[in-house]
Amino acid sequence: MDMNLDQLAAAVIGADPGSTDDLRKLLETFQTLQQAGWRGTEKAVALLQSLLDGKAEDPDQALKAVAEIVAGLHPPSSGNANQPDAGTDPADSELLDPEILSEFVTESREHLQAVEANLLAVEADASDKESLNAAFRAFHSTKGTASFLGLEEIKTLAHHAEQLMDRARKGEIVMAGDYADLELQAADMLCEMIAALAEYQGGALPAAPAGFPQMLARLERAESGTVQEKVSAPVAQPSAPSAVPAASAPAAVSPAESAGPAAAGSEETKKAKAGSDLTVRVSTQRLDHLIDMVGELMITNAMIAQNPCVLSNQDHMLSSNVMQLGKIARELQDLSMSLRMVPFRTTFQKVERLVRDLSHKSGKHLRFISEGEDTEIDRNMVELLYDPLVHMIRNAVDHGLEPAQERLAQGKPAEGQLRLRAYQASGSIVLELQDDGRGLNREKILAKAREKGLADPNQEYSDRDIYRFIFEPGFSTAEKVTDISGRGVGMDVVRRNVESIRGRVELASEPGRGTTFTLKIPLTLAIIDGMLLSVAGQEYILPTLNVKHALRPEPTSLTTVAGRGEMLRFRNQLIPLFRLHRLFDLEGAVTDPTQALLIIVEHETDQCALMAERLLGQQHVIIKSLGEGLGGVEGVSGAAILGDGGIRMILDVEGIMRLAWGGPQGHSRRPAWANRQN
Amino acid sequence: MAGHGSSETVDNKVVGGKFLTFFMADEEYGIEILKVHDIIGMMQITPVPRTPSFVKGVINLRGKIIPVIDLRTKFKMEATVRDRQTCIVVVDLGKLQMGVIIDKVSEVLDIAAKDVEPTPDFGITLDTGFILGMGKLNERVVILLDISRVLTGEEIEALHKMDTNPEAGKQAA
């Protein structure tokens, strides 16, 4: 039997009930299966026979029944003979092989993710047969494997979801609006059930989630086409699937649905499908280990290349081999670093789905535009960025974008617009979320900040300072907490997550025109561009990102406050001066600033000058943590292994400032003379 | 007994099994062999600023950065000149690895549970929480260390707190 269940199902679905050739072929297949001892084939044989004989009342219905039988087929080896037809009872669950199960889990998750992407593509462009078929196949494969494993509930749900997709394939319905909602929810529920399976440790199978029967009922209703025809009128094309003229479909979609991310979106997804072919799943732990080892290879390679014996050797062959080795090692390093990079696509897809759901929930019509899905970013960071994105989008939908009437009154299009853009700019990744809503209310934020004691009642604040308040934990100007936002958690999460990956959040807003969040994030967590400097015989790496200037001061540019606080006057700004050797308790340092090197560093809007001794160079280094045991050390963000195999600490400018200003409350205790940039 | 390296555990306290023994001054100590990941010679240790004095710094163990503590400093013993016998025992403490500087590695000993005596009480002058027991072998006494408790809970917590503190400070930024 070289035809697998998938192919068989495809053949059944693709069969033309009017063609005796098709039917005969199917009948033969089923008869072979029956002889091979497969259970559940008898009925199919009977049905096909009646079709061939022309006895069937409704050929389409009969063929559908055959398709259902395919899903319930069992090879002779699996299950026990006492239960023909009924599928494997959950009591058989001890038969589940954990390995097969985990494979099923990963596989179906992938399938369901594809369902989501494809459904969104179909919804945007109903003529996109390819996506429609892909979504259908995804449900179908999930169903097939679930049935093989005896996961009855997943099978049933996937089956019904598939049936509904099939109706769309046949052109009986347009997969948009409520239908698409239903399918997406079904996919979500399947995901949930599969997630529960992932934790399956043996014993009884996890129970179906709440709402399972309702979901089934809704799907069944939708299948029979008796309800939910309000969003899209059925296209009267009850004949064979191939006969549906592609052009007729989009016309039936309501304008609000079709105007979505249409052209740009679906094009991107198509490209995505072409690109996402053969992949291998590797645990990140292994990947990190590989990167570590490649790093060590680089170091050892450098050591060999610099070895006096090698340098002075006369053997031409050896020299060229060492050089070749270096080249290979470098290429290997580039390659190993690129392994961690993934495109934003999956995140954007999730976001698109979120926008769609929020749009329905809030009743605001939204137009979501995404650009730059192919921009690549470190895999570890993608996950950390999703949460901030969710909060930013919720915020934009709930607070930023006005309801349609209000928008129309202001002469804006009724449909709110959300634009998400990712691009690379000067060594960082920029994520930009732009809405064309009402913009931030400067006065409201300031009033709230004063009410909460965050802002000084008498002080004037710049826009930038005011916008900063919304990132405070618990800060919300929303009068009421809605389902979507208002608890004041979101923006705090945004800032925290972004800062945890050494990124920055910027905010620009124009009343009545909208708000733009800009997240600037380093290309990868793993590498920074650093300046190597020495203090009291110790070497440290200072992230170049933070460095503004390096100078040797004139005696006249230095002043002190109260005999202690040192300051540097630089371009008419007073900048606090901190001595690294004092902060780090190092002995034997140069103590005269005019003999030392001052490096002006900045973090956010704060600046200070750090006193070190010499600048030794600049280089890209791979950041490593100091090891679990040390956790985080104040003033140090990590360490790097340099070409000589030695370790250098990477300085954390923010931490150093905090340290210098004293204690965790440092910033509030910052002396009044400490400059601000603006 | 040979070949089965696992220790017999009672009340979370290991009372017998294979131990790697080493010297600190003239006292002999033992660490459960299963917790020992590596023994390496002294190598360049990069100091980490603002850490407790017993944290000597970090080393590069084949591409992995691990912290190293000096057992002499930790035990408040006099510092000595490091020689060729000084080495770093890398131990596995659950998910973290840590290097421990010791004076001299001795041997791997099989110590039966019956040869382990409970730690005598020294009163408040000496905290014995990190000692599993005293192993008796003929004339020798080996102090069996619970290496995961050599750094006390508070110390580990303090080390971890350094990690969480920045969060507290960031709020005001």
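Which residue of strand 4 of chain A does A:Phe368 stand opposite? In this predicted model, A:Phe368 stands opposite A:Leu418. The pair belongs to a parallel arrangement in which six bridges join strand 2 (residues 366-371) of chain A to strand 4 (residues 416-425) of chain A. Strand 4 of chain A also pairs with strand 5 (residues 428-435) of chain A, here in the antiparallel sense and over eight bridges. A:Leu418 takes part in this pairing too, with A:Asp435 of strand 5 of chain A as its bridge partner.

A wider view of chain A helps to place these strands. The secondary structure of chain A comes to 23 helices and 18 strands. Of the 678 residues in chain A, 49% are buried. Among contacts in chain A with a separation of 6 or more, 67% are between residues 24 or more positions apart. The exposed area of chain A is about 32,100 Å², and carbon and sulfur atoms supply 51% of that area.

Nonpolar side chains tend to be buried together in soluble globular proteins. In this model, the largest nonpolar core has 62 residues, and those with the most contacts inside it are A:Val12, A:Phe30, A:Phe104, A:Ile154, A:Leu157 and A:Met175. Helix 8 (residues 177-198) of chain A gives the most to this core, contributing eleven residues. A second, separate core holds 47 residues, including A:Met381, A:Val397, A:Leu440 and the A:Leu418 already met above. Back in the largest core, A:Met175 offers a view of the local packing: beyond residues up to four places away in sequence, A:Met175 touches several others, among them A:Leu119, A:Val122, A:Leu132, A:Leu164 and A:Ala180. The contacts of A:Met175 also include two glutamates, A:Glu123 and A:Glu183.

Helix 7 of chain A is worth a short stop. The 18 residues of this helix (residues 152-169) should span 26 Å at 1.5 Å a residue, and the end C-alpha atoms are 25 Å apart, which agrees. Helix 7 of chain A is mostly covered, with 15 of its 18 residues buried. Just after this helix, A:Gly171 takes a positive phi of about 85°.

Further along the chain, strands 16, 17 and 18 offer a second set of pairings. Strand 16 (residues 614-624) of chain A pairs with strand 17 of chain A in the antiparallel sense over two bridges, and A:Lys624 has A:Ala639 of strand 17 as its bridge partner. Strand 17 of chain A in turn pairs with strand 18 of chain A, again antiparallel, over five bridges. A:Ala640 stands opposite A:Arg648 of strand 18. Strands 17 and 18 of chain A form a hairpin with five residues between them, and A:Gly645 in the turn has a positive phi of about 90°. Five of the six residues of strand 17 (residues 636-641) of chain A are buried, so this strand is largely enclosed by the rest of the structure.

A:Ile650 lies in strand 18 (residues 647-651) of chain A. With a relative accessibility of 1%, A:Ile650 counts as buried. Leaving aside neighbours within four places in sequence, A:Ile650 is in contact with residues that include A:Ile528, A:Ile541, A:Pro543, A:Val621 and A:Ile623. A:Gly530 is 120 residues away from A:Ile650 in sequence, yet the two are 8.2 Å apart in space, C-alpha to C-alpha.

An open sheet of chain A is built from six strands in the order 10-14-15-13-12-11, with mixed pairing. Strand 10 (547-551) and strand 11 (558-561) of chain A stand at the edges with a single partner strand each, so one side of each has no neighbour in the sheet. On average, neighbouring strands of this sheet are turned by 35° against each other, direction ignored. Strand 11 of chain A runs antiparallel to strand 12 (residues 565-570) of chain A, joined by four bridges, and A:Leu558 has A:Leu568 of strand 12 as its bridge partner. Helix 23 (residues 653-661) of chain A packs on the sheet and touches strand 13 (573-579), strand 14 (597-603) and strand 15 (606-612) of chain A. The direction of helix 23 makes about 105° with that of strand 14 of chain A.

Finally, two loops deserve a look for their backbone angles. Most residues other than glycine have a negative phi. A:Arg571, in the loop between strand 12 and strand 13 of chain A, has a positive phi near 45°. A:Arg571 counts as exposed, at 61% relative accessibility. In chain B, B:Ala25 lies in the loop between strand 2 (13-24) and strand 3 (27-32), and its phi is positive as well, near 50°. B:Ala25 is partly exposed, with a relative accessible area of 42%.

Key: Residues numbered from 1 in each chain as written. Chains lettered and ligands numbered in written order. Predicted model: local features only at pLDDT ≥ 70, side-chain atom pairs only at ≥ 80, totals over all residues. Heavy atoms only, no water. Buried < 20%, exposed > 50% of the residue type's maximum accessible area, 1.4 Å probe, protein only. Contact = heavy atoms within 4.5 Å. Areas by Shrake-Rupley, 256 points an atom, 1.4 Å probe, with all protein chains shown as cover. Expected span 1.5 Å × (residues − 1). Core = buried A, V, L, I, M, F, W, Y, C linked by side-chain atoms within 4.5 Å. Pairing = 2+ DSSP bridges. Axes fitted to C-alpha atoms, helices over the stretch in contact; angles between N-to-C directions.
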